[in-house]
Amino acid sequence: MGLALVVLAAGEGKRMNSDTPKVLHRLAGAPLLWHGLRAGAALGPDRVVVVTGHGGAAVAAAARAFDPGAEIVTQPERRGTADAVRAAMPALAGLEGDILVLYGDTPFVRPETLEAMREARHRHDIVVLGFEAADPGGYGRLLVHGENLERIVEDADATPQERLITLCNSGVVCADATVMAELLPQVANANAKGEFYLTDVVDLARRAGRSAGVIRCPEAETLGINSRAELAAAEAAFQARARAEAAADGVVMAAPDSVVFAYDTVIGRDAAIGPCVVFGPGVTVETGAEIRAFCHLEGCHVSRGAIVGPFARLRPGAELAEDVHVGNFVEVKNAVLHEGAKAGHLAYLGDAEVGARANIGAGTITCNYDGVSKHRTVIGAGAFIGSDTMLVAPVRVGEGAMTASGSVVTADVPDGALAVARARQEVRPGFAARFFARLRAARATAGAGAAATGTGGSDTGGGGRRGCGTCGGEAG
Ligand code: UD1
Ligand code: MG
């Protein structure tokens with residue numbers, strides 16, 4: 001049976017007090033909108049329709065960034081949830097199967113819950129996701145009779161008696177596409193808010209001899225976001241859940257409360273994550289890898305046995321093979337480090353390929369950017385890059401080759417060769433002793449003069465500086 005996902009995202013989100021449309025605010029590294037899209041995508045929908053209004057172009061771009069096949073429809077005026085689904089109907093023409101309606105600002109609904117709704121569709125034409133609300137104020141209330149859902153009454157339209165009901169509407173609805181197409185045009189707006197309520201389809205269905213039912217989920221899954229405070233609370237809730245899941249999955253964390261996960265972080269069993277590690281989107285850490293304290297990772301893959309950090313940064317496109325070691329203050333971007341390669345300290349490896357077991361000395365930099373374009377550095381297997389080497393890309397260091405410390409490497413280095421690209425050292429016996437003696441003598445003379453005239457001498461001033469004829473620079 002076919003399935004179409006309809007995500008309502010036309011709301012303004014006034015209470016966010018922001019120029020950014022509400023559904024584009026980020027939760028766990030992704031726009032709110034993506035969370036619902038992701039939960040829905042797990043069901044393998046045939047079509048995905050996002051209903052936009054406020055900030056439509058930006059919302060559309062975000063939807064397409066998640067799912068290039070998503071269809072975007074515009075609801076010109078925000079006239080209620082039924083009107084929003086109506087706006088999506090032309091994009092669903094010919095669909096045979098289910099329409100699943102989600103909200104773009106409700107990020108926690110789980111795919112398992114949506115599956116349960118689809119399963120319940122075997123028994124009902126319309127299935128609504130309900131929850132027991134701790135504080136039902138503001139929600140639509142579900143009037144049930146046994147297993148059947150009779151009607152949904154909005155808070156603004158409810159009688160005092162109906163307001164006592166704690167079983168509430170989450171807003172998630174799964175309905176037969178034909179039934180939805182038949183009932184939607186019948187929804188009117190003669191209610192407290194003057195809006196076209198999607199919830200009215202339940203009553204209309206029952207009157208037309210169709211059946212509606214309820215599936216219940218924990219309140220936490222239905223949490224919607226309307227303000228910055230709610231977004232912060234949702235982030236905290238997300239992180240708490242992600243930490244608990246990681247621990248249950250066998251991830252070792254010394255200080256779980258300080259680890260920040262993204263919506264899609266994947267960490268293998270027995271991987272060890274140190275304190276204060278931040279995962280941006282798109283990270284996979286394999287079984288048994290170790291991420292030490294204070295690392296920042298995004299868009300990267302860390303293989304088994306690799307050790308990262310402390311204080312390392314892996315940026316998008318960093319690919320670490322097995323047993324790679326990336327140490328403190330090393331930044332890796334768009335670079336593959338093959339098996340056993342090591343960059344222990346203070347290095348930048350960008351747009352690069354580092355061969356197996358190559359050793360990258362402290363202070364090595366791939367100079368990948370010429371001010372206009374990025375260029376690649378290729379380092380062969382077993383190469384030894386001396387400390388403080390500048391690799392001016394495009395450049396290739398061959399297998400088993402080496403570079404001398406402090407070299408600025410601008411030309412390819414053949415396999416097994418040594419590249420030395422620095423000034424040859426000169427040694428001048430006794431120079432330093434004579435040089436400092438002269439400076440001290442000059443300062444003593446200047447100090448005596450200042451005492452005589454009453455002006456003070458300064459430790460940090462340049463008064464004692466002299467051009468140094470020997471080394472060609474200014475000494476001081
Ligand atoms: C809705 C439900 C209510 C439920 C509650 C759960 C209706 C009539 N009421 O109420 O039963 O308990 O959600 O949170 O459905 N939207 C549009 N276009 C519109 C109107 C809304 O895209 O014209 C989108 C909003 O962006 C939002 C969602 O639909 O994502 C719900 O709209 P909202 O105004 O928050 O509905 P509630 O009054 O909270
Ligand atoms: Mg709402």
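Start by selecting ligand 1: 20 residues surround it, each with a heavy atom within 4 Å, and the closest are Gln75, Arg78, Thr81, Glu154 and Asn169. Before going further, note that this is a predicted model, where local features need pLDDT of at least 70, side-chain atom pairs count only at pLDDT 80 or more, and totals for chains, interfaces and linings use all residues. Residues are numbered from 1 along each chain as its sequence is written, chains are lettered from A and ligands numbered from 1 in the order in which they are written, and side-chain values use heavy atoms, with hydrogens and water left out.

Now show the oxygen atoms of ligand 1. A backbone N or O atom of Gly80 lies 2.8 Å from one oxygen atom, and a backbone N or O atom of Gly140 lies 2.9 Å from an oxygen atom of the ligand. Add the side chain of Lys193, where an N or O atom is 3.2 Å from a ligand oxygen. The protein covers 87% of the 750 Å² of accessible area that ligand 1 has on its own (Shrake-Rupley method, 1.4 Å probe).

Next, select residues 32–41 and 56–66, helices α1 and α2 (DSSP runs of H or I, at least four residues; strands are runs of E, at least two). Their axes, lines fitted to C-alpha atoms over the stretch in contact, are 10 Å apart at an angle of about 35 degrees. Among the residues that meet (heavy atoms within 4.5 Å) are Trp34 in α1 and Phe66 in α2.

Finally, visit two loops. Pro310, between β20 (307–308) and β21 (313–314), follows a cis peptide bond from Gly309. Pro394, between β29 (390–392) and β30 (395–397), follows a cis bond from Ala393.

Notes: Axes fitted to C-alpha atoms, helices over the stretch in contact; angles between N-to-C directions. Polar contact = N/O pair within 3.5 Å; in protein donor to acceptor, adjacent residues only side chain to side chain.
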